[in-house]
Amino acid sequence: IHSTKIILSSKSVRNDMKKISFKGYNRSVVVKHANHVTPLNKLHSLSYLKKKYKFKENFFFLPNHYWVHKNHLVVLKALNYISKPNFIIVSTGKCYDHRDPKHFQNIKKYIKQHNLEKYFVILGIVPFKDLCSLMYHSISVLNPSKSEGWGNSASQAALLEKKAIISNIPVHREQLNRNFIYFHPENYKQLAKILDNNSRKKTISKLVNKNLSYNRLL
C-alpha cells in the first residue's frame with residue numbers, strides 16, 4: 001500500500017494489475033527475469049541422461065511443477081488422443097500443490113486409467129544441470145500453462161536455441177521467438193497434432209543423418 005514502486009515480471013502482469021488497482025498500476029514497473037542456463041559445453045550427454053533416468057525413446061520435456069494452473073492435463077489428453085505415440089513426455093517439478101493437495105494424485109490417476117505410464121515419465125525435482133541437459137536433448141520443451149508471471153522454461157529454451165511448444169497466453173505471446181509454437185491451452189487435439197508432427201520430423205531427421213553418416217563410410 002505504501003510502496004513507491006511495484007516491480008512486476010511482464011507487461012502481461014502489469015495489464016492484470018491495471019484491472020485490480022489503477023493506483024498500483026501507476027506505481028508499477030516491469031523488470032523481466034534474467035534467466036540463465038548451463039553452458040552448452042558443460043551439459044550432460046543424452047546417453048548419460050538415459051542411463052540415469054532410465055528412458056530410451058525420443059522425448060518432449062515438460063519442466064513444470066504439478067500446480068493446478070500449470071495444466072498438465074491438456075498434455076495427457078493430447079497423449080491419450082494420439083494412437084501409439086512414437087515418443088514419450090519427460091516431466092520434472094514439484095509434485096505437490098498446497099492449494100489442491102489431491103491434484104497430483106488426480107494426475108497419476110488419469111495416467112493409470114488411460115494406460116499412459118510408458119509414455120509419461122515423472123522425474124520430480126532434478127539438478128539444474130540435468131534440467132538444462134534434458135531441455136537441450138529433447139525434441140522440444142513444453143509449457144501448457146494457463147497463467148504465468150513470466151515463462152521461465154520458454155526463456156531457457158530460447159537461450160538454448162530449442163523449439164518450445166507453449167500455450168498462447170499473453171505472457172507467452174510477449175516472449176515471441178522464432179522457435180516457439182503456440183497452441184490454445186484447452187485444445188488437446190491441436191496440441192496432439194503439434195506433438196505428432198514434431199516427433200515425426202525428428203524421426204525423419206535422425207534417419208537422414210544416420211544415412212548420411214553411413215554413406216560417408218562407403
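With a relative accessibility of 7%, Asn198 counts as buried, because the limit for that label is under 20%. The model examined here is a predicted one, and this asparagine makes a handy starting point for a tour. Asn198 belongs to helix α9, which covers residues 188-217. Its side chain forms a polar contact with the side chain of Lys163, at 2.7 Å. Once the neighbours within four places in sequence are set aside, the residues in contact with Asn198 are Phe60, Ile139, Lys163, Ile165 and Ile181. Lys163 therefore appears both as a polar partner and in the list of contacts, where contact means heavy atoms within 4.5 Å.

How far can the prediction be trusted from place to place? The mean pLDDT of the protein is 90, and 92% of its residues reach 70 or more. The end of the chain tells another story: over residues 212-218, pLDDT stays under 50, and the model has 0 contacts there beyond four places in sequence. Where pLDDT is low, the predicted coordinates should not be read in detail. Helix α9 runs over residues 188-217, so some of its residues fall in the stretch 212-218 where pLDDT stays under 50.

Stepping back to the whole protein, the model contains 9 helices and 8 strands. Its C-alpha atoms fill a box of roughly 75 × 40 × 30 Å along the principal axes. A compact globule of 218 residues would have a radius of gyration near 17 Å, and the 19 Å found for this protein agrees with that. Of the 218 residues, 44% are buried. Among contacts with a separation of 6 or more, 70% join residues 24 or more positions apart. The protein exposes about 12700 Å², and carbon and sulfur atoms supply 54% of this area.

Helix α7, residues 152-159, offers a closer look at burial. Its buried residues are Ser153, Ala154, Ser155, Gln156 and Ala157. The cover over these residues includes helix α6 (128-137) together with the strands β6 (141-143), β7 (164-167) and β8 (180-183). After α7 comes Glu161, which has a positive phi, near 60°.

Near the start of the chain, Ser12 sits in helix α1, residues 11-20. Is Ser12 buried or exposed? Its relative accessibility is 13%, so Ser12 counts as buried. Beyond its neighbours within four places in sequence, Ser12 is in contact with Pro170, Val171 and Glu174. By comparison, the C-alpha atoms of Ser12 and Leu76, which are 64 residues apart along the chain, are separated by 27 Å.

The cysteines complete the picture. A disulfide is a covalent bond between the sulfur atoms of two cysteines. How many disulfides does the model hold? The count comes to 0, since the sulfur atoms of a pair would have to lie within 2.5 Å. Cys95 takes part in no disulfide, as the nearest cysteine sulfur, that of Cys132, is 19 Å away. The surroundings of these two cysteines can also be described. Cys95 has a relative accessibility of 29% and so counts as partly exposed, whereas Cys132 is buried, with a relative accessible area of 0%.

Key
Residues numbered from 1 in each chain as written. Predicted model: local features only at pLDDT ≥ 70, side-chain atom pairs only at ≥ 80, totals over all residues. Heavy atoms only, no water. Helix = DSSP H or I, 4+ residues; strand = E, 2+ residues; numbered from the N terminus. Buried < 20%, exposed > 50% of the residue type's maximum accessible area, 1.4 Å probe, protein only. Polar contact = N/O pair within 3.5 Å; in protein donor to acceptor, adjacent residues only side chain to side chain. pLDDT = per-residue confidence, 0-100. Rg over C-alpha atoms; globule rule 2.2 N^0.38 Å. Areas by Shrake-Rupley, 256 points an atom, 1.4 Å probe, with all protein chains shown as cover.
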